Each structure stands twice: as C-alpha cells, then as structure tokens.
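Here are a few friendly notes to read alongside the structure. Please keep the view open as you go through them.

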Amino acid sequence: MDKKKVAVPLVCHGHSRPVVDLFYSPITPDGFFLISASKDSSPMLRNGETGDWIGTFEGHKGAVWSCCLDTNALRAASASADFTAKLWDALTGDELHSFDHKHIVRACAFSEDTHLLLTGGLEKILRIFDLNRPDAPPRGVDNSPGSIRTVAWLHSDQTILSSCTDMGGVRLWDLRSNKIVHTLETKSPVTSAEVSQDGRYITTADGSTVKFWDANHFGLVKSYDMPCSVESASLEPKLGNKFIAGGEDMWVRVFDFHTGEEIGCNKGHHGPVHCVRFSPGGESYASGSEDGTIRIWQTGPVTHEDNESVSGNGPSGKVKAVAEEVSRKIEGFQIIKEGKTTDA
C-alpha cells in the first residue's frame, strides 16, 4: 500500500568499477542521452529517458574520470588516467582523436558551439583543443594554482571555470586575457561545479556544503549545509526550485532551492554517491556510485502507472515514441552486454 510513496529507480548495470561522472546531453531530435565515466576505463552511452544501454566507448587504458557530450550529442569526449583525453563519434562509438597529456586528465568539457574541447588535470594546465584542427597544438590558459578537478564553459564560451583537487575555490578565467578574473571562495575543494541550463547559476559542492553563485556577477546567492560530506550537486533545470545532492552516506537527497529544506531522500546505492545530475527536462535525475551502478530517479510524485513501468525497468509513461523505438531496437544488445558485465 505504501508502494506509491517509494521511489523506484531505473537501475543501470554494466560498469564493473565505480561510476565517477555523469553527463546529460541537451534534448535533441532523437531524445536525450546520458554518458557515464567509470574507473573501469570504458565510458557508456545510454538513452537518457529509459536508461537503456546504447554503446560502450572502448580504447582507454586507465580509469576515466570525466565524460561529456556535445550540444547535438553527436560526439563524446572523455578524460582518463592514461594521460589522454579522447574524442569519440557518439553514433558509431569510433575514436576520432586522442589528445596526449603529460599526466592524469581529470576533467573535460565541450564548448557551447561544439568546436572546442577544454581539458584539465594533474598537470595544472588548462588546455583548449580546436576540434576542427585536432592535430594542432592546444591553446594553453595560464597555469592553474593546483591540480584541476572540474572544468566548465560559460558566458557563450568567453569564460571558463575550474576547481582544484587540493584547495578551495572556483577560478574563473577570461579567455580574452587568459587570466583569472574572479575566484568563488570556498573552504573545501570543490568536487562538483555545474552551470545551470539558463546560465544564471553556478552550483558547487565543497565538503558538506552546496552553494549557488550568480554566474554573471559572481555573488553568493545561497549556501546550504548538508547532512554529510557531499561530492556532487545539481539544480533542477526548468523551474530551478529544487536541487539534488549525493555523497558519502550513499543517499541521494532532494532539497528546496529557496529554503534548503530536505524534501526527498532516495536510498538504494550500496556505496558513496560520486555524481548526480538532472536530466535536461528536469523530469528525472541520475546518480552514479562507488557500487558501479547508475540509478535514474523520477522527479515528480510516482503514480501507480509510473511505478509499474519503472519497476519493470521499462520506459515511463512520458517516453516519446522515438525513444521507445530506440529502446526496442537495442533491448537485445543490452541484455547480452549486461549479462556479460554485471558484477556481483
């Protein structure tokens, strides 16, 4: 009888090691997509709505720390401990280019116009690669004060932000001068930094705090203490009225943006939560964990009809016909693939 009140996530198996990064594409004519990075060295692409496995990008020789899709979800990029960042064809899974670095690459991000790829890592150097001339030397941005943990673009690709593994703060770099123009001050290292879909806010997680910053004037808008140390946070993209956070206590919590009040708590992971992200339409959100699984949770109250479809690991009632068609086509592949790779 209480079944309606229990959030039943879609559980996506397939990775054999911890899932450390998740990235949703914008909504495209073919739906939207979810890419995941894992220490198993093989990023995976999924249907963002159903969680169905589409393909695995094979070629890295070390843990993959970061992954992303371009605006059209036609290309993917990944950053790895094998000292490379790779560019992939998201339709075929083919490797298009491998960008060599001199140390572990922790973060990567496509520019909004999709022509550039930004990378950062333990070398403490931000590099910008021109994807129209992948063999050309990258543009270097002034050295980072510490090992780079996260990177992102904002202001129509005029500004980039980065955070460090070993010190607090988010640094904002003006690409016209290649210099730091502002630092968002935090006590602890920022483990997650997300620019909101409308470009208004930067959401950061540091220690046991989630902060929201004005992305244009850089003032602190909100700061909320969390019940535990959190590694990742994400703001709901459409209404901006709630946010999610995940961390060491293995739970994915939902909070009211305006008050900071906890309004939901999702339990199910068997290890710390490393990454959480809202889908581009805000109707669901995904979490990735040390336990090697991705869980996709519905945002709204779960109706009886929704519950049936979710617990059946199938599409929810809102799935577009095209997404259902895609999932039907790949369903057979998914079962074969996951049967081989599911860990105990």
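**Notes for a first look**

1. Let's begin with the whole protein: 56% of its 344 residues count as buried. Please keep in mind that this is a predicted model. The surface that the protein exposes comes to about 14700 Å², and 51% of that is supplied by carbon and sulfur atoms.

2. Next, the elements. The protein has 27 strands and two helices. Among contacts with a separation of 6 or more, 43% are between residues 24 or more positions apart.

3. One sheet is worth tracing by eye. Seven strands form an open sheet with antiparallel pairing, in the order 14-15-16-17-18-19-20. Strand 14 and strand 20 (220-225) stand at its edges; each has a single partner strand, so one side of each has no neighbour in the sheet. From one strand to the next, the twist averages 25 degrees.

4. Now look at one end of that sheet. Strand 19 (residues 209-214) and strand 20 are joined by five bridges in the antiparallel sense. To find the pairing on screen, you could start from Thr209, whose bridge partner in strand 20 is Asp225.

5. How many salt bridges are there in the count? The count comes to ten. One of them links Glu231 and Arg149, whose closest N and O atoms are 3.2 Å apart. Glu231 belongs to strand 21 (residues 230-235) and Arg149 to strand 14 (residues 148-154), so this pair ties together parts that are 82 residues apart in sequence. Arg149 counts as buried because its relative accessibility is 18%, and buried means under 20%.

6. Two further pairs make a nice comparison exercise. Glu123 and Arg127 meet through their side chains in a salt bridge, at 2.9 Å from N to O. Is Arg127 buried or exposed? Arg127 is buried, with a relative accessible area of 11%. The side chains of Asp174 and Arg176 also form a salt bridge, with an N to O distance of 2.9 Å. Here Asp174 counts as buried at 14% relative accessibility, whereas Arg176, with a relative accessible area of 67%, is exposed.

7. Finally, a small group to pick out together: Asp249, Arg253 and Glu262 are linked by salt bridges into a network. Selecting these three residues at once is a handy way to see the network.

How values were computed: Residues are numbered from 1 along each chain as its sequence is written. This is a predicted model: local features need pLDDT of at least 70, side-chain atom pairs count only at pLDDT 80 or more; totals for chains, interfaces and linings use all residues. Side-chain values use heavy atoms; hydrogens and water are left out. A salt bridge is a side-chain nitrogen of Lys or Arg within 4 Å of a carboxyl oxygen of Asp or Glu. Buried means under 20% relative accessible area, exposed over 50%, partly exposed in between (1.4 Å probe, protein chains only). Helices (H or I, at least four residues) and strands (E, at least two) are DSSP runs, numbered from the N terminus. Contact means heavy atoms within 4.5 Å. Accessible areas come from the Shrake-Rupley method with a 1.4 Å probe; for residues, only the protein chains shown count as cover. Two strands pair if DSSP finds at least two bridges between them. Axes are lines fitted to C-alpha atoms, for helices over the stretch in contact, and angles run from 0 to 180 degrees between N-to-C directions.
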